[in-house]
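Grab a coffee and open your favourite viewer. Here are a few exercises to work through, each with a solution.

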Amino acid sequence: MLEQIKDHFSRDDIPVILTTTHGLGGIGKTQLAIEFAWRNYQKYNGVAWFNSENRGHLLDDYISLGKKLNIVYASDRDTHIEERALFVKDWLEDPKHAGWLLIYDNAPKYGGADQEGIGDLFPTEGGKILVTSRYATGWPQSIKVEVFTPEESRAYIKKALGTEDLDTSQVNQLAETLGHLPLALAQACAYIKKSHVIIERYLELYEIRKKELLSDKILADQTLPPDAHRAIVYITWDITMEAVRKDP
């Protein structure tokens, strides 16, 4: 899916919309956006992340960015927030400031101001836009994020680890434990390959970390079923980040 985003971005300047048609929360849309930004931020003149859960949150984030860019000031308080947000949109559309990547996380429907959508707030030129959303319809361009089939999971694991010589039962267990989630499998395989551990050992680490996080209540209620996907992605992400922190 990271390659799909890159492919969309390489073709033209219209937004890439990252979404899931099945409305699954926690499937890994946000983490996928983070991963894309982390791998590609050097290609852009700037990267901005917006909480787009609703129009109000996005407007607040626009104002925060505007203050950092010194185009929105405290003295503008009497100006309506929508007008101040347009200062930021206009700045982003200025050819002198082109080359940015904007990420709009957890966006509502595309819509417009009258529908509590956010599409009218997007800059129309100057960079790349990546959106994560549970809503599949209405976006100019979309990439579906969904789980692998068991067959796809097995094929992906073997390809990612670069070998066919794997214990089939362990491959199946890894895929089932991680819910056949593409991002979770990608994180797990990257860790296994980099750390030179076997699948069985990774599964042990996964269960240990899962118990630690649950006992510390780090995952909180919202990550547990029915949004179990979020917990799986969080745990695999945490294992990977722990390895990164330890890497000299």
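The exercises below go from the overall fold to single ring pairs, and the model they use is a predicted one.

**Exercise 1. Lay out the fold: how many helices and strands are in the chain, and what pattern do they follow along the sequence?**

Step 1: count the elements, and you get 9 helices and 5 strands.
Step 2: read along the sequence, which gives α-β-α-β-α-α-β-β-β-α-α-α-α-α.
Step 3: look at the contacts between residues at least 6 apart in sequence; 71% of them join residues at least 24 apart.
Step 4: check burial, and 42% of the 248 residues turn out to be buried.

**Exercise 2. Find the largest nonpolar core: how many residues has it, and which helix gives the most to it?**

Step 1: the largest core has 38 residues, and Phe 36, Ile 157, Leu 174, Leu 178, Ile 199 and Tyr 202 have the most contacts inside it.
Step 2: ask who contributes; the elements that each supply at least two residues include α1 (2-11), β3 (100-107) and α9 (228-246).
Step 3: α7 gives the most, with 7 residues.
Step 4: zoom in on Leu 174. Skipping neighbours within four places in sequence, its contacts include Ile 157, Leu 185, Ile 199 and Tyr 202.
Step 5: apart from the largest core lies another one of 22 residues, with Phe 50, Leu 59, Ala 107 and Ile 129 among them.

**Exercise 3. Is Asn 40 buried or exposed, and which backbone oxygen does its side chain reach?**

Step 1: place Asn 40, which sits in helix α2 (residues 29-40).
Step 2: the relative accessible area of Asn 40 is 6%, and the cut-off for buried is under 20%, so Asn 40 is buried.
Step 3: the side chain of Asn 40 reaches the backbone oxygen of Phe 36 at 2.8 Å.

**Exercise 4. Classify the ring pair of Phe 50 and Tyr 104: what are the centre distance and the angle of the planes?**

Step 1: the structure holds 9 aromatic pairs.
Step 2: for Phe 50 and Tyr 104, the centres are 5.0 Å apart and the planes stand at 40°.
Step 3: under 30 degrees would be stacked and over 60 edge-to-face, so this pair is tilted.
Step 4: Phe 50 is in strand β2 (residues 46-51) and Tyr 104 in strand β3, 54 residues apart, so the pair links distant parts of the chain.
Step 5: both partners are buried, Phe 50 at 2% relative accessibility and Tyr 104 at 0%.
Step 6: for a second tilted pair, take Phe 148 and Tyr 156, with 5.7 Å centre to centre and 40° between the planes. Here Phe 148 is partly exposed at 22%, and Tyr 156 is partly exposed at 26%.

How values were computed. Residues are numbered from 1 along each chain as its sequence is written. This is a predicted model: local features need pLDDT of at least 70, side-chain atom pairs count only at pLDDT 80 or more; totals for chains, interfaces and linings use all residues. Side-chain values use heavy atoms; hydrogens and water are left out. Helices (H or I, at least four residues) and strands (E, at least two) are DSSP runs, numbered from the N terminus. Buried means under 20% relative accessible area, exposed over 50%, partly exposed in between (1.4 Å probe, protein chains only). A polar contact is a pair of N or O atoms within 3.5 Å; within protein, one must be able to donate a hydrogen and the other to accept it, and residues adjacent in sequence count only if both atoms are side-chain atoms. Contact means heavy atoms within 4.5 Å. A nonpolar core is a set of buried Ala, Val, Leu, Ile, Met, Phe, Trp, Tyr and Cys residues joined through side-chain atoms within 4.5 Å. Rings of Phe, Tyr and Trp (its six-membered ring) pair if their centres lie within 6.5 Å; planes under 30 degrees apart count as stacked, over 60 as edge-to-face and the rest as tilted.
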